[in-house]
Amino acid sequence: MRADLEIIQQWIPENSRVLDLGCGDGELLAWLKEHKNVSGYGLEIDPDKINACIEKNVNVIEQNLDLGLGNFASNSFDVVVMTQALQVVHYPDRILQEMLRVGRTCIITFPNFGHWRCRWYLATRGRMPVSDFMPYTWYNTPNIHFCTFKDFEALCSEMQMQVLDRLAVDNQHRDHLGSKLWPNLLGEIGIYRVTRNTVKTA
Amino acid sequence: MSGVFPEDSVGLVYPQTAQFTEPLLLACGRQLDEYELVYETYGSLNDTRSNALLICHALSGHHHAAGYHTDDSKPGWWEACIGPGKPIDTNKFFVVSLNNLGGCNGSTGPASTNPFTGKPYGADFPMMTVQDWVQSQARLADRLGIEQWAAVVGGSLGGMQALQWTIDYPERVRHCVSIAAAPRLSAQNIAFNEVARQAITSDPDFYAGHFLEQGTVPRRGLKLARMIGHITYLSDDSMGEKFGRELKTEQLNFDLNNVEFQVESYLRYQGEQFSTRFDANTYLIMTKALDYFDPAAAHGGDLAKTFANASASFYLISFTTDWRFSPERSREMANALIAAGKNVTYVDIDAPHGHDAFLIPHPRYLQAFSSYMNRIET
């Protein structure tokens, strides 16, 4: 399984109900169904990926995330997952809000634009970073909303989200001492588990 | 057609007839004491009888879904999707396709002889509903020794029957494939149907539905009904591409007596053809069955509750340019099934052909259809 998915699956309880936004070829949901008896649905818009889901026996729904999750009831899923799609959607804050409404907990992964290599690229060349991991140029990239870990966490607190778990890893999804100490500088991908901040009343 | 058939066709097929003498109680409160169902089968039933698949037809469809009759120049209506190696692969499935009750292609319908009067039923044939059809289809399944369908598959009104199966006989269907369908008709849908019905019933040759006894057929009304129906099956774009504003003649004639635009000529031709092969009372019954279909009505309009007891997995397909039963209608179904915790897959095929797209071999449609059918265990 894709390395980030291997990390994510540990945060998904057995027998839970999972919604996977931008589920790709359905790898995570197929694995969760087989190993954790998870009942899951994936949302995807790419026809080839949808077809891959169908072949894997994954419940896939053709749906554009930019149109929101208005078709899902509040609290109707235990976990809502969105891997590597936050930077692709038109309104990251709105989709996060929707995820928090629909799911009890949410798992989000995204590339860190604050990684030292991005900073170095921009600092030395004065141009938008292009790498093997992010191979697009600014005008043709599907990644339209890059952020750093710090940016994301600022949004979390603005939206009163509670970060339950966070992991900064390299592009092989390994975590190092460095990415633990200075995640915003040395972590390439962020994996976050968040929930709504429940205001405690006396 | 004679000679060699395409390799991916089921080839020569023969309709069969099943007779039923146990009365069928209908939703309208009346009953059919005896009736016949005409059907075809393709492929072969396996030893465990686990590979049977039912095809449900749409408004003007019938049992002849695939292959060729001896006198056919064209194959069955869903040849694009049924055959060896096609989405509904006859090497894998034992396909059963019938003509619904009230039809006019061999099963008991308004043009059949009423055993009590010795005359054609005409307007005396009872109104049918999707539930009635499903009930009669279940009896055909019993007759064929099929306890459970691997899948029930249909487009448009056929897709509604597939949905109804999962409600009425949840234990008898493993997969429901509902294409270009809707959980209920909109006011606009019903309005179009009503115009079609008015076209038929206002034809002087209709004789309150007993035209056969008068030795005539309300051809003008039926033609008009088909013309308006046909418009709703196509998209603005597909009509534009097919006909545009192309003229039939060199120039405009400025008179009402001649066909001027190609699209007029096409619609008239389609209407004419249809009026020679279809029964007017059947058309009325089919459109009414469409209007009546609303399984959620018994559950306060709650679709999720409606499907609460269904055990089938659902596959819903819509087409982006279908404005008769738009993608939104399929999404509504998908949302309800998700809320009900059912297995459901939904795809929205970007095809230009409007509602008729479910009959057309569009590459992505065929691929998405095949991928799902291939994974069904038999």
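**Exercise 1. A cysteine in chain B**

At 0% relative accessibility, B:C56 counts as buried. This is a predicted model. Task: find which cysteine sulfur is nearest to that of B:C56, and decide whether B:C56 is free or in a disulfide.

*Solution.*
- Step 1. The nearest cysteine sulfur belongs to B:C176, 8.9 Å away.
- Step 2. The cut-off for a disulfide is a sulfur pair within 2.5 Å.
- Step 3. B:C56 is therefore in no disulfide.

**Exercise 2. A cysteine in chain A**

Task: repeat the check for A:C23, then state how many disulfides the structure holds over all chains.

*Solution.*
- Step 1. Over all chains, the count of disulfides is 0.
- Step 2. For A:C23, the nearest cysteine sulfur is that of A:C53, at 3.7 Å.
- Step 3. The limit is 2.5 Å, so A:C23 is in no disulfide.
- Step 4. A:C23 is buried, with a relative accessible area of 7%.

**Exercise 3. Strand β8 of chain B**

Task: work out how many residues of strand β8 (residues 94–98) of chain B are buried, and which strands pair with β8(B).

*Solution.*
- Step 1. Count the buried residues: 5 of the 5. The strand is therefore largely enclosed by the rest of the structure.
- Step 2. Sort the side chains by direction. B:F94, B:V96 and B:L98 point one way, while B:V95 and B:S97 point the other way. Both sets are buried.
- Step 3. Take strand β4 (residues 35–42) of chain B. It runs antiparallel to β8(B), joined by 4 bridges. Here B:Y39 stands opposite B:L98.
- Step 4. Take strand β5 (residues 52–56) of chain B. It runs parallel to β8(B), also with 4 bridges. Here B:L54 stands opposite B:V96.

**Exercise 4. Where chain B meets chain A**

Task: describe the contact between chain B and chain A, and find which element gives the most to the side of chain B.

*Solution.*
- Step 1. Count the residues. 20 of chain B are in contact with 16 of chain A.
- Step 2. Take the area. About 1,600 Å² is buried between the chains, and carbon and sulfur atoms give 46% of it.
- Step 3. Find the main contributors. B:I338, B:R364 and B:R375 lose the most area in chain B, together 36% of what that side buries.
- Step 4. Look for charge pairs. The interface has 1 salt bridge. The side chains of B:R364 and A:E62 form a salt bridge, 2.8 Å from N to O.
- Step 5. Add the polar contacts: 12 residue pairs between chain B and chain A, both residues at pLDDT 80 or more.
- Step 6. List the elements of chain B that give two or more residues: α9 (327–339), β12 (344–349) and α10 (363–375). α10(B) gives the most, with 6 residues.

Definitions and conventions. Residues are numbered from 1 along each chain as its sequence is written. Chains are lettered from A and ligands numbered from 1 in the order in which they are written. This is a predicted model: local features need pLDDT of at least 70, side-chain atom pairs count only at pLDDT 80 or more; totals for chains, interfaces and linings use all residues. Side-chain values use heavy atoms; hydrogens and water are left out. Buried means under 20% relative accessible area, exposed over 50%, partly exposed in between (1.4 Å probe, protein chains only). Two strands pair if DSSP finds at least two bridges between them. Contact means heavy atoms within 4.5 Å. Buried area is the accessible area (1.4 Å probe) that two parts lose on being put together, summed over both. A salt bridge is a side-chain nitrogen of Lys or Arg within 4 Å of a carboxyl oxygen of Asp or Glu. A polar contact is a pair of N or O atoms within 3.5 Å; within protein, one must be able to donate a hydrogen and the other to accept it, and residues adjacent in sequence count only if both atoms are side-chain atoms.
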